[in-house]
Amino acid sequence: MWLGCGVTYAWLDAPATAVDQTARELLGWELSANDVTVRISEVEAYSGLGADPASHAHRGVTGRNEVMFGPAGALYVYQIYGMYFCANIVCGEVGAAAAVLLRAGEVTGGLATARQRRPAARRDRDLAAGPGKLMQVLALDRRANASSVVDGTGPATLRPPGRPVLDGDVASGPRVGVTAAHDVPWRFWIAGDASVSAYRRHVPRRAG
DNA sequence: TATTCGATCCAT
DNA sequence: TGGATCGAATAC
């Protein structure tokens, strides 16, 4: 798809069935919002309706996941644990409800602002080393839900990497924190990147 | 209407 | 390892 400004977003036209490929492709892209830029270093793919029990969309449309069923390039933002926000980029055909969760990134612009927004981060590599931290650094919350990252109308803008991330530099493994589908290796990250979030296996709150 | 619990983060 | 904290989703 051609969007002007000399930028093409091939993944916008990729089918929902290839959302795992889209997820890998988004590694290295730069997301800018509110004077801070992050280079995406870790993502997770979620396929839509029915197919993926870990997906917020797998039981059908609800008030929360409605955006997932819309056009690709929109942000699906949701609140987690009552205090943090996470963002997905919607992928695939309208109605398919596939999405890529943005899990971590490296701050490549607006470093001073990013540090102010995340006083708890000791090192720069920790500034956006997690989905909630990424949103804090970019100062995005539920108001960014449903906005586009590709048409310049929303608070966040996605741009291609200067140098693409090669397949050989991409590692994969099980998704973090999900209670279902542990066997699906749909978490992707840039191998060796310091800003990749620490992996911790999900532990149910009530023993089990 | 009531209850449960999460695609997290941080200090201990 | 556990506590914070609240709203969407699901169970009555």
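**Close-up views of a predicted protein–DNA model**

**View 1. Aspartate 35 is exposed, with a relative accessible area of 68%.** The model shown here and in the other views is predicted. Exposed means over 50% relative accessible area, so aspartate 35, at 68%, falls in that class. Find this residue in the loop between strand 1 (30–33) and strand 2 (36–46). Now look at the backbone. What is the sign of phi at aspartate 35? Phi is positive, about 75 degrees, although this residue is not a glycine.

**View 2. Alanine 146 also sits in a loop, this one between helix 3 and strand 6 (156–159).** Its phi is positive, at about 80 degrees, and alanine 146 is not a glycine. How exposed is alanine 146? The relative accessible area is 47%. The partly exposed class runs between 20% and 50%, so alanine 146 counts as partly exposed.

**View 3. Serine 148 lies in the loop between helix 3 and strand 6.** Is serine 148 buried or exposed? It counts as buried, because its relative accessibility of 13% is under 20%. Follow the side chain. A polar atom of the serine 148 side chain lies 3.1 Å from the backbone nitrogen of valine 150. The side chain of serine 148 also reaches the backbone nitrogen of aspartate 151, at 3.3 Å. Now set aside residues up to four places away in sequence. Serine 148 then touches Gly73, Ala74, Thr153, Gly154 and Ala156.

**View 4. Proline 161 belongs to the loop between strand 6 and strand 7 (170–173).** At 18% relative accessibility, proline 161 is under the 20% limit and so counts as buried. Which residues does proline 161 contact, apart from its neighbours within four places in sequence? They are Gly28 and Trp29. Next, compare sequence with space. Proline 161 and glutamate 30 are 131 residues apart in sequence. Their C-alpha atoms are 6.3 Å apart in space.

**View 5. The second largest pocket holds about 160 Å³ of space.** Proline 161 appears again here, as one of the lining residues. The others are Gln21, Arg24, Glu25, Leu27, Trp29, Pro164, Val165, Asp167 and Val170. Which element gives the largest share of this lining? Helix 1 (residues 19–26) does, with three residues. Sort the lining by class and you get six nonpolar, one polar and three charged residues.

**View 6. DNA strand B is surrounded by 24 residues.** Tyr78, Tyr81, Asn88, Arg118 and Gly132 are the closest. Which elements each supply at least two residues of the surface near DNA strand B? Strand 3 (75–80), strand 4 (84–91), strand 5 (98–109) and helix 3 (131–137) each do so. By class, this surface has twelve nonpolar, six polar and six charged residues.

**View 7. Polar contacts link the protein to bases and phosphates of DNA strand B.** Begin with a base. A polar side-chain atom of tyrosine 78 is 3.2 Å from a base nitrogen of DNA strand B. Then turn to the phosphates. The side chain of arginine 103 places an N or O atom 3.3 Å from a phosphate oxygen. Glycine 132 uses its backbone: a polar atom there is 2.6 Å from a phosphate oxygen. How much of the nearby DNA is sugar or phosphate? Of the atoms of DNA strand B within 4 Å of the protein, 46% are sugar or phosphate, and the rest belong to bases.

**View 8. DNA strand C has nine residues around it.** Arg59, Thr62, Arg64, Tyr81 and Met83 come nearest. Sugar and phosphate make up 61% of the atoms of DNA strand C within 4 Å of the protein. By class, the surface near DNA strand C has two nonpolar, four polar and three charged residues. Two arginines approach phosphate oxygens. Arginine 59 does so with a polar side-chain atom, at 3.0 Å. Arginine 64 does so with a backbone N or O atom, at 3.5 Å. Which part of DNA strand C does the backbone of tyrosine 81 approach? A polar backbone atom of tyrosine 81 is 2.6 Å from a base oxygen. Tyr81 is also among the residues closest to DNA strand B.

Technical notes. Residues numbered from 1 in each chain as written. Chains lettered and ligands numbered in written order. Predicted model: local features only at pLDDT ≥ 70, side-chain atom pairs only at ≥ 80, totals over all residues. Heavy atoms only, no water. Near = heavy atom within 4 Å. Polar contact = N/O pair within 3.5 Å; in protein donor to acceptor, adjacent residues only side chain to side chain. Nonpolar A, V, L, I, M, F, W, Y, C, P; charged D, E, K, R; others polar. 1 Å grid on protein atoms, 1.4 Å probe; cavity = no way out; pocket = protein on both sides within 12 Å on 5 of 7 lines; lining within 4 Å. Points joined across faces, edges and corners; volume = space filled by probe spheres on them. Helix = DSSP H or I, 4+ residues; strand = E, 2+ residues; numbered from the N terminus. Buried < 20%, exposed > 50% of the residue type's maximum accessible area, 1.4 Å probe, protein only. Contact = heavy atoms within 4.5 Å.
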